[in-house]
Amino acid sequence: QKFAIVVQLLLGEIPDRATFREPSLRKTLVPYFQLTQAVLNGDLKLFNQVIDKYKEKFLSEKTYTLIVRLRHNVIKAGVRMINLSYSRISLSDIAQKLQLDSPEDAEFIVAKAIRDG
């Protein structure tokens, strides 16, 4: 289940909520539900918090390296949300909203998003 959730997220799909409600898996899938929420909302801060909090669990379940790759999907979702909300916005504001290190990082990400369509 855990690998399936991570792979779905990497493919840009959102796992079905019923997956996380299954009584036998509910507790073990809490970190993956939080990851899903971070990806869905484009919340890089939450994504980093979840990774920090559950790093050992992800490492022991051998999903950590896949999960780290989700960062790009989180940023992409954040850019999409910003695009829907603003017709004009500065790169420094984008960097701040996505919790990036600098406006240059935002410029690179926005340029790639435009190139990718």
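I take contact to mean heavy atoms within 4.5 Å. I needed that cut-off before asking what covers the buried side of helix α4. The model is predicted, and I read every entry below with that in mind.

**Entry: overall make-up**

I began with the secondary structure and found eight helices and zero strands. Read from the N terminus, the order is α-α-α-α-α-α-α-α. I then looked up the extent of the protein: along the principal axes, its C-alpha atoms fill a box of roughly 45 × 25 × 20 Å. I noted that 34% of the 117 residues are buried. For the contacts, I took pairs at least 6 apart in sequence; 52% of these join residues at least 24 apart.

**Entry: surface and charge**

I looked up the accessible surface, which comes to about 7600 Å². Carbon and sulfur atoms account for 53% of that surface. I counted 18 positive and 13 negative charges, and their mean positions lie 5 Å apart.

**Entry: helix α4**

I checked the length of α4 against expectation. Its 17 residues should span 24 Å at 1.5 Å a residue, and the end C-alpha atoms are 23 Å apart, so the two values agree. Where does α4 bend? I found a bend of about 70 degrees at Y54. Y54 is also among the buried residues of this helix, together with L44, F47, V50, I51 and F58. I reminded myself that an α-helix has 3.6 residues a turn, so residues three or four places apart point the same way. What covers the buried residues of α4? I listed α3, α5 and α6 as part of the cover, with α3 at residues 30–41 and α6 at 71–85.

**Entry: A38**

I turned next to A38, which sits in helix α3. Its relative accessible area is 0%, so I entered A38 as buried. Leaving out neighbours within four places in sequence, I found A38 in contact with D43, L46, F47 and V74. F47 is one of the buried residues of α4. I also looked up the pair A38 and E61: they are 23 residues apart in sequence, and their C-alpha atoms are 20 Å apart in space.

**Entry: T19**

I located T19 in helix α2, which covers residues 17–21. Is T19 buried or exposed? I have T19 at 17% relative accessibility, and the cut-off for buried is under 20%, so T19 counts as buried. Setting aside residues up to four places away in sequence, I found that T19 touches Q1, I5 and L29.

**Entry: positive phi outside glycine**

I looked up two residues with positive phi that are not glycine. K62 has phi near 60 degrees. I placed K62 in the loop between α4 (44–60) and α5 (64–68). With a relative accessible area of 64%, K62 is exposed.

Q99 has a phi of about 55 degrees, also positive. Which helices flank the loop that holds Q99? I found α7 (91–97) before it and α8 (103–116) after it. At 38% relative accessibility, Q99 counts as partly exposed.

**Entry: recap**

I come back to α4 as the helix I looked up at most length. I have its bend at Y54, its buried residues from L44 to F58, and a cover that includes α3, α5 and α6. From the α3 side, I have A38 in contact with F47.

How values were computed: Residues numbered from 1 in each chain as written. Predicted model: local features only at pLDDT ≥ 70, side-chain atom pairs only at ≥ 80, totals over all residues. Heavy atoms only, no water. Helix = DSSP H or I, 4+ residues; strand = E, 2+ residues; numbered from the N terminus. Buried < 20%, exposed > 50% of the residue type's maximum accessible area, 1.4 Å probe, protein only. Areas by Shrake-Rupley, 256 points an atom, 1.4 Å probe, with all protein chains shown as cover. Lys, Arg positive; Asp, Glu negative; His and termini not counted. Charge placed at Lys NZ, Arg CZ, Asp CG, Glu CD. Expected span 1.5 Å × (residues − 1). Bend = angle between axes of the 7 residues up to and from the residue.
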